[in-house]
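Got your viewer open and a selection box ready? Here is a walk through the fold, one stop at a time.

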Amino acid sequence: MSIRSELIFFFLIISVIPLSLVVYLSYEYSKEPISDSVIANLRGATENTGNAIDNWMDARKDDIRVISQSRIVNCTEKKQLYEYLGTFENEYQGVYREFFILDMSGNITFSTLSRTGNEGKAPYFTEAAKGKMYISDVSLSKSTNSPELIITNPIKKNGTTEGILAARVSMENLYRIIESIDIGRSGKVFIVNNKGDIIFQENRSGILLTNIKDNFAVKEVTYEKNGIAEYVNNEGEKVVASYYWLPLYRWGLVVEKNIDEAYAGFLTLGRQMILISSFAVTGVVFLAIIISRRLTQPIKSLEDGALGLVEGNFKPIPVSSRNEIGKLTDIFNEMASELLEIRKKLEAKIEIANKDLEEKNRELIVANEELKKLDELKSDFISLVSHELKTPLSAVRISAEFLESQGNVDTDIKKELLQIIIRNIDRQTRLINDILDLSKIEAGKLELQLNHTDINEISKVALETIGQLALKKNITVSVNIPEELSPVMADRDKLIIVLNNLFENALKFTPAGGNIILSAKDDGDSIVVSMKDTGIGIEKEKLDKIFDKFYQVDSSSRRKIGGCGLGLSISSGIIKAHGSEIQVESEPGKGSSFSFRLKKAG
Ligand code: ADP
């Protein structure tokens, strides 16, 4: 869960729980007054109806009392009585349907409807005959089929009951009064007698005298109880009702109200509470979103910055506040720029290292190539050496076998064969010595016996070796070395090897009739020795290679001229061991010149 969601969730919890509690408690506290007011309203409606009934009935009772005590009632003059009672009937317009008088035997002695008969068994007669006013049950009029009741009161003369005054009273007037009382839209009022029969309800004509004792309030009221109750009425409707017993008339008054309408206040209150809660929760969510955005925006910026840093495209994060997060952002920015600096340096180092590696790699490739060449050279060397070693051996063997097979060999031939043998042995010895010298030079193990060496003296030694050969080849060899030339500091024997090699090469590669000049001259603190010839010369691009082992400009010359490409390598190694170098100048067809410089002795 993100910090933002957590914050919103947190705000919701800390606000919604207390808010719900407050709303719930307010709702609960408000319920009681609403319930009280519902009950008070119902009671009020019941009381108002009861009062209206009492007032109306009191007026009727007063009328009957006044009439029964009137002098005219005792008057035997019926015409006068008609007039008197007729005024009542007119005055109350349909309230009194009939006035009639009964004697003490129950005979109707007078009726405004001119009715006769005996009502001696009717309760309204028997009860009134006991001397008290009596109000009958409500019944349907035989003539109009509308509800009515009969009020009877004794007619007394000098304290003695002489007859009963009876008034047939129409209920219509009372019913209209009851109907005009405001008891709410869904309010219903009905009156039952003590048996639970309806004597009044709004739709009164249809169900008058229907028994509804199974209605809870009706049952209660017939037990002469008063109260408030909630129940499901005969029509299956949930109602709250107030019931009230009117003992004077033996009526039960019931005011019923649809429970939903009665408690509509609850619904309104509930709706208001939900509305308030919804507004409050929306407000909290809105605030939580704003606050969480304010809090998490800098953290998000830090996260983006860190990601940018990882990807290498970091931009400094703007600092929006001076709080802890603002300080953290500052520190982060500083750290990031330091990291970027370090990264740049590292990248530069890596680039250099890469270049070095590339360089080393190139060098390795070159070294590898050289190794390959060396390997090839090694193979060449082995085949060459084998060949060079084998050739003289073959010559020796052939000569020796000839000598052995022939009993008497001519002395000259014998001498020539022996010379061949000796020459080939020398050749082999030279080759082996050359290889040994070279391996010593290459291993850096060449030991020099440095002494005062006279160039004149060693050049004479060298000449002795090649003099004969030069003569044979008709090549003039001259030496140009001053007598008084300073001695050099050198290994005499090694230097003779060098001079021999240079002489041999000059002889080998100079055609008959050519010249070889060995010269030496003083040059400051050293002596420069050079060997010049007028031979075939060497091409410029091959000059570098002639000092390599086994290198020969013309490899076929090996067979024609001899040699195996080691002479210059050995000579160069010896001169290098003396701290100098052999220089070569040459022009093809014109000749070559090899020279080196040696330090003067002392
Ligand atoms: P080699 O035994 O073949 O003489 P060197 O090492 O002494 O071997 O010489 C290498 C090669 O240098 C020779 O084979 C030849 O091609 C060339 N060379 C050396 N000296 C001369 C010279 N004086 N004139 C022409 N070519 C020469």
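## Stop 1: two helices side by side

Select helices α13 and α15, which pack at an angle of about 145 degrees with their axes 9 Å apart. Bear in mind as you go that this is a predicted model. Look at how the pair meets: α13 passes α15 in a left-handed crossing.

Now show side chains. On the α13 side, pick Lys-494, Leu-495, Ile-497, Val-498, Asn-501, Leu-502 and Asn-505; they meet Gly-567, Leu-568, Ile-570, Ser-571, Ile-574 and Ile-575 of α15. Colour them by class and this contact of α13 with α15 splits into 8 nonpolar residues, 4 polar and 1 charged.

## Stop 2: a second partner for α15

Keep α15 (residues 567–577) on screen and add helix α11 (residues 411–442). What angle do α11 and α15 make as they pack? It is about 40 degrees, and their axes are 10 Å apart. That makes α11 and α15 oblique to each other. The crossing of α11 and α15 is left-handed.

For the contact itself, select Asp-434, Asp-437, Leu-438 and Ile-441 in α11, then Ser-569, Ile-570, Gly-573 and Ile-574 in α15. By class, the contact of α11 with α15 has 4 nonpolar, 2 polar and 2 charged residues. While you are here, click on Ile-570 and Ile-574: both take part in the contact with α11, and both also appear in the contact with α13.

## Stop 3: the mixed sheet under α13

Go back to α13, residues 492–508, and bring up the strands that this helix lies across: β13, β15, β16 (526–533) and β18 (591–599). Relative to β18, α13 runs at about 170 degrees.

Add β17 and you have the whole open sheet of 5 strands, in the order β13-β15-β16-β18-β17, with mixed pairing. Which strands stand at the edges? They are β13 (476–480) and β17 (583–587); each has a single partner strand, so one side of each is left without a neighbour in the sheet. Turn the sheet to look along it, and you can follow a twist that averages 15 degrees from one strand to the next.

Zoom in on the β13 edge. β13 and strand β15 (residues 515–523) pair in the parallel sense, over 5 bridges. To find your place there, click Thr-476, whose bridge partner in β15 is Asn-515.

## Stop 4: an enclosed strand

Next, select strand β1, residues 96–102. Is β1 enclosed or open to the outside? 7 of its 7 residues are buried, so β1 is largely enclosed by the rest of the structure.

Strand β1 has two pairings to look at. With strand β6 (residues 160–170), β1 runs antiparallel and shares 6 bridges; Tyr-96 is a handy marker, with Val-169 as its bridge partner in β6. With strand β2 (residues 108–111), β1 is also antiparallel, joined by 3 bridges. Here select Phe-100 and its bridge partner in β2, Ser-111.

Follow the chain from β1 into β2 and you trace a hairpin with 5 residues between the strands. Stop in the turn at Gly-106, which has a positive phi of about 95 degrees.

## Stop 5: the antiparallel sheet and its helices

Select β8, β7, β11, β10 and β9, in that order: these 5 strands form an open sheet with antiparallel pairing. Its edge strands are β8 (198–201) and β9 (227–232), each pairing on one side only. Neighbouring strands in this sheet are turned by 25 degrees against each other on average, direction ignored.

At the β9 edge, 6 bridges join β9 to strand β10 (residues 238–246), and the two run antiparallel. Glu-230 stands opposite Val-240 of β10.

Now add the helices. Helix α1 (residues 3–69) lies across β7 (188–193), β9, β10 and β11 (251–258), at about 145 degrees to β11. Helix α5 (residues 172–180) lies across β7, β8 and β11, at about 50 degrees to β8.

## Last stop: α1 meets α3

Stay with α1 and add helix α3 (residues 78–91): their axes come within 12 Å and cross at roughly 170 degrees. The two helices are therefore roughly antiparallel to each other. To finish, show Asp-63, Val-66 and Ile-67 of α1 where they meet Tyr-84, Leu-85 and Phe-88 of α3. This contact of α1 with α3 counts 5 nonpolar residues, no polar ones and 1 charged.

Note on methods:
Residues are numbered from 1 along each chain as its sequence is written. This is a predicted model: local features need pLDDT of at least 70, side-chain atom pairs count only at pLDDT 80 or more; totals for chains, interfaces and linings use all residues. Side-chain values use heavy atoms; hydrogens and water are left out. Axes are lines fitted to C-alpha atoms, for helices over the stretch in contact, and angles run from 0 to 180 degrees between N-to-C directions. Helices (H or I, at least four residues) and strands (E, at least two) are DSSP runs, numbered from the N terminus. Angles under 35 degrees count as roughly parallel, over 145 as roughly antiparallel, 65 to 115 as roughly perpendicular and the rest as oblique. A crossing is left-handed if the near helix is turned anticlockwise from the far one by less than a right angle, and right-handed if clockwise. Contact means heavy atoms within 4.5 Å. Ala, Val, Leu, Ile, Met, Phe, Trp, Tyr, Cys and Pro count as nonpolar, Asp, Glu, Lys and Arg as charged, and the others, Gly among them, as polar. Buried means under 20% relative accessible area, exposed over 50%, partly exposed in between (1.4 Å probe, protein chains only). Two strands pair if DSSP finds at least two bridges between them.
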